[in-house]
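Student: Hey, can you walk me through this one? I'd like to go piece by piece.
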Amino acid sequence: MPDKLYLIKEGEISLKGGNRNLFEKRLRQNIKDKLGSYGVSIGKQKGRIYLGIDESAPDQEVEKALKTTFGITGFARAYTTEKDIEAMRETARQILPLSDFASGKGTFKIDARREDKSFPLSSYDISVDLASTVHEMYPELEVDLKNPDHTLHVEVRKEVYMYTDSRKGPGGLPVQTAGRGMILLSGGIDSPVAAISMAKRGMKLDCIYFHAYPYTSELALEKVKKLASLIAPYLGGTRLYVVPFTDGQLRIKKLAYEDETTLMFRASMMQTAQKLATARKACAIVTGEALSQVASQTLEAMSFTDSMTDLLVLRPLVGMDKEEIIGISKEIGTYETSILPYEDCCVIFSPKHPITHPVKEVVRRHYEALGMDEEIDKAIAATQVFYFNPMGQEEERNSMPDSDGEDSGRV
């Protein structure tokens, strides 16, 4: 039997109607995908999920799994006891020394909730009684009901659950409840944030990276693989498609108008992404573009690149400023990797004076004249696929099944 218990709070899922069970089932499965090797058991009561897990599971690993699983708004290590006030007092005496209460300083409150109305003591009675127990253990602690430094939570349900040190979850909806997409992952700050923004809305994402060796180094590739590993826990695991596009880049550089080279490359990226996305049964392409951040991200430029694909193009960062994006990248732990000085191929081949307000019909004709279809097909045929599991570790192909239980090793 599992030895440790975690209480997990749902967020937006609780607002769902008739299909709520589907969201909850997916959330439970996403947790099992990360922690199943420890022999988990998952139960549910009103507004709560209870995760039982073997004592051998490292606390740090469990917390990483829950902090990166969308659909969870909060969680805490919990303890059960009998529906008896003396049993509650004894449990408090055992768990408080393991928590922030052990400092003996600051303020506290008891947050008691009596879901089982047959229990003879009210929430207020429970709070007063256990506050006395806390004062016996830590006489210097003072009660503060509005902004306490420490909180002991007590929930009287089928059993009594007690916990402290509640941690914040990422919120959102469980991954794999809103279809599949492909994110254009560069080595920069923006695209990892864009990926996580869409995963938070339930989208399952794979990643595409365009590599132009030797113009972009192997260190640049390793940087992108590191970024893929960092976002993989939020994505519930992911595939990284590394598209070798040196020949395509050189063709564009040679034949395109200089001020249009970035646009031409973006167009070829969209066409390549559509073919890969179609093979993965994805229905959207996601990018890290923000309006007017660079020359290729004006309204006219984005309208042109969108015309290169029949798929929906999503830009979750389109209205954000750079400081907002940087703040999120620091929260999710990708910022320090993103700023490493290994440039991607878009930067290497950028013209000095790129066009900012292209006329769609004109640049489409210019792009079609380049004859990129053969280069795109050749690049897709040579694409490498790297697999990162739901905890972010790189794995061999056959150990990364699709959500439907089948491993599609094809590009």
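Tutor: Sure, and keep in mind that this is a predicted model. Let's begin with a helix: α6, residues 218-235, lies across β11, β12 (238-244), β15 (384-388) and β16. Its direction is at about 175° to β11.

Student: Okay, and what is the strand order in the open sheet?
Tutor: The order is β14-β13-β10-β11-β12-β15-β16, so to speak reading across seven strands, and the pairing is mixed.

Student: Which strands are at the edges?
Tutor: Those are β14 (312-314) and β16 (394-395), each of which pairs on one side only.

Student: In what sense do β10 and β13 pair?
Tutor: In the parallel sense, with three bridges between residues 180-184 of β10 and 284-286 of β13. If you want a residue pair to click on, take Met182, whose bridge partner in β13 is Ile285.

Student: And which strands does α5 touch?
Tutor: Helix α5 (residues 190-199) packs on the sheet against β10, β11 (204-211), β13 and β14. Its direction makes about 170° with that of β10.

Student: Switching to loops. Where is the cis peptide bond?
Tutor: It joins Tyr213 and Pro214, with omega at about 5°. Pro214 sits in the loop between β11 and α6.

Student: What about Gln176, what is its phi?
Tutor: Near 85°, which is a positive value in a residue other than glycine. You'll find Gln176 in the loop between β9 (167-168) and β10.

Student: Speaking of β9, what does it pair with?
Tutor: β9 pairs with β4 in the antiparallel sense, over two bridges. Lys168 in β9 is the bridge partner of Gly74.

Student: Which residue stands opposite Gly74 in β1?
Tutor: That's Lys9. Strand β1 (residues 4-10) and strand β4 (residues 72-81) are antiparallel, with six bridges.

Student: How many bridges link β4 and β8?
Tutor: Four, again in the antiparallel sense, with β8 covering residues 160-163. Thr81 stands opposite Val160 there.

Student: Now helix packing. At what angle do α8 and α9 cross?
Tutor: Roughly 35°, and their axes come within 8 Å. For the residue ranges, α8 is 261-279 and α9 is 299-306. The crossing is right-handed.

Student: Which residues meet there?
Tutor: From α8 you have Leu263, Met264, Arg266, Ala267 and Met270, and from α9 Ala301, Phe304, Thr305 and Asp306. By type, that contact divides into six nonpolar residues, one polar and two charged.

Student: Last topic, pockets. How much space is in the second largest pocket?
Tutor: About 630 Å³. There are 24 residues in its lining, and those nearest the centre are Lys67, Pro170, Tyr234, Glu331 and Ile332.

Student: Which elements give two or more residues to that lining?
Tutor: They are α2 (59-67), α5, α6 and α10 (322-332). The largest share is from α6, which gives five residues. So α6, the helix we began with, lies across β11, β12, β15 and β16 and also lines this pocket.

Student: How does the lining divide into nonpolar, polar and charged?
Tutor: Ten of the lining residues are nonpolar, seven are polar and seven are charged.

Notes. Residues numbered from 1 in each chain as written. Predicted model: local features only at pLDDT ≥ 70, side-chain atom pairs only at ≥ 80, totals over all residues. Heavy atoms only, no water. Pairing = 2+ DSSP bridges. Contact = heavy atoms within 4.5 Å. Axes fitted to C-alpha atoms, helices over the stretch in contact; angles between N-to-C directions. Left-handed = near helix turned anticlockwise from the far one by under 90°. Nonpolar A, V, L, I, M, F, W, Y, C, P; charged D, E, K, R; others polar. 1 Å grid on protein atoms, 1.4 Å probe; cavity = no way out; pocket = protein on both sides within 12 Å on 5 of 7 lines; lining within 4 Å. Points joined across faces, edges and corners; volume = space filled by probe spheres on them.
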